[in-house]
Amino acid sequence: MSKKKRLTGEAALEEAFAAVDHAPLLEKLGTTVSPELLRLALTHRSFANENGGLPNNERLEFLGDSVLGCSVAWKLFETYPSSPESVISKMRARIVSRFGLADIAREIGLGKYILLGRGEILTDGREKDSILADTTEALFGAIFLEHGFETARHTILTLFHEKIVHASSDSIHTDWKTLLQERAAERKLPMPEYEASFTGPDHDRFFTATAIIEGKVVGTGQGHNKKAAEQLAAKQAVTVLREQNIARTS
């Protein structure tokens with residue numbers, strides 16, 4: 001029995017794209033994208049290079065980066081009228097950082113939709129912050145091309161609502177989960193993972209969350225919702241990493 005010949009080029013792209021139902025992703029984005037544009041936005045250069053140099057999503061990423069930056073800057077300008085440029089500039093930088101984008105990508109489950117080459121798949125490319133962030137920007141670029149700035153802006157501000165609301169540079173409103181990701185990356189540590197449990201009835205739950213790095217609990221937090229508990233766990237973990245000078249040595 002002869003082995004099935006592996007598809008390459010456009011045929012491989014069409015087969016890989018058709019193998020996944022993209023409706024849940026589009027639902028989370030809150031808009032539509034044509035199959036052609038969506039396919040391009042999800043095509044990482046590793047897949048393109050392994051299949052004869054197909055077009056990849058880097059040009060859409062370039063476009064989406066500009067739309068993202070403008071959308072977030074505009075909203076911060078409106079939301080924080082008394083904050084000077086130096087402050088809202090730092091807010092924007094954190095919100096649209098690689099870690100902030102990757103966080104949004106994970107919230108919408110983007111990883112499983114990205115078309116990757118075999119090498120990236122073997123090295124867990126679907127969880128790499130850089131790939132997740134770049135693909136998110138490419139999606140914004142695709143939405144902009146298909147629907148224009150207002151629809152792209154609405155999508156972006158809906159996805160980034162929580163980050164913008166809590167963007168104040170005051171430590172009370174720091175996005176501790178994003179900050180912990182940044183500190184872990186600086187120390188060449190794997191990305192933090194979170195576990196949460198709760199007590200109480202449905203209408204009055206109380207959550208306990210732990211932040212875990214390399215299998216070790218580095219922070220614990222409690223709150224009346226899961227997000228608040230995870231933020232407090234991340235805040236404690238940031239302090240632990242700094243005070244204990246935790247870093248990967250190998």
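**A guided tour of the predicted model**

Begin with the whole protein chain in cartoon view, where there are 13 helices and three strands, taken as DSSP runs numbered from the N terminus (helices are H or I with at least four residues, strands are E with at least two). The radius of gyration, taken over C-alpha atoms, is 20 Å, close to the 18 Å that the globule rule gives for 250 residues, so the protein chain is as compact as a globular protein of that length; the rule itself is 2.2 Å times the number of residues to the power 0.38. This is a predicted model, in which local features need pLDDT of at least 70 and side-chain atom pairs count only at pLDDT 80 or more, while totals for chains, interfaces and linings use all residues. Residues are numbered from 1 along each chain as its sequence is written, and side-chain values use heavy atoms, with hydrogens and water left out.

Next, select residues 193-199 and 216-223, which are strand 1 and strand 3, the edge strands that each pair on one side only. They belong to an open sheet of three strands in the order 1-2-3, with antiparallel pairing, where pairing requires that DSSP finds at least two bridges between two strands. Add residues 206-213, which form strand 2 and pair with strand 1 in the antiparallel sense over seven bridges; here tyrosine 194 stands opposite alanine 211 in strand 2.

Now show residues 226-244, which are helix 13: this helix packs on the sheet and touches strand 1, strand 2 and strand 3, contact meaning heavy atoms within 4.5 Å. The direction of helix 13 makes about 140° with that of strand 3, using lines fitted to C-alpha atoms (for helices over the stretch in contact) and angles from 0 to 180 degrees between N-to-C directions.

Then turn to the interior and select Leu25, Leu29, Leu38, Leu42, Leu76, Leu110 and Phe160, which touch the most other members of the largest nonpolar core, a group of 48 residues. Such a core is a set of buried Ala, Val, Leu, Ile, Met, Phe, Trp, Tyr and Cys residues joined through side-chain atoms within 4.5 Å, and buried means under 20% relative accessible area with a 1.4 Å probe, protein chains only. Helix 9 (residues 129-147) supplies the largest share of this core, eight residues. Centre on leucine 38, which, leaving aside its neighbours within four places in sequence, is in contact with Phe17, His22, Leu25, Leu26, Val33 and Leu139.

Finally, select Trp176, Leu189, Ala233 and Ala234, which are among the 17 residues of a second, separate core.

Terms used
Buried < 20%, exposed > 50% of the residue type's maximum accessible area, 1.4 Å probe, protein only.
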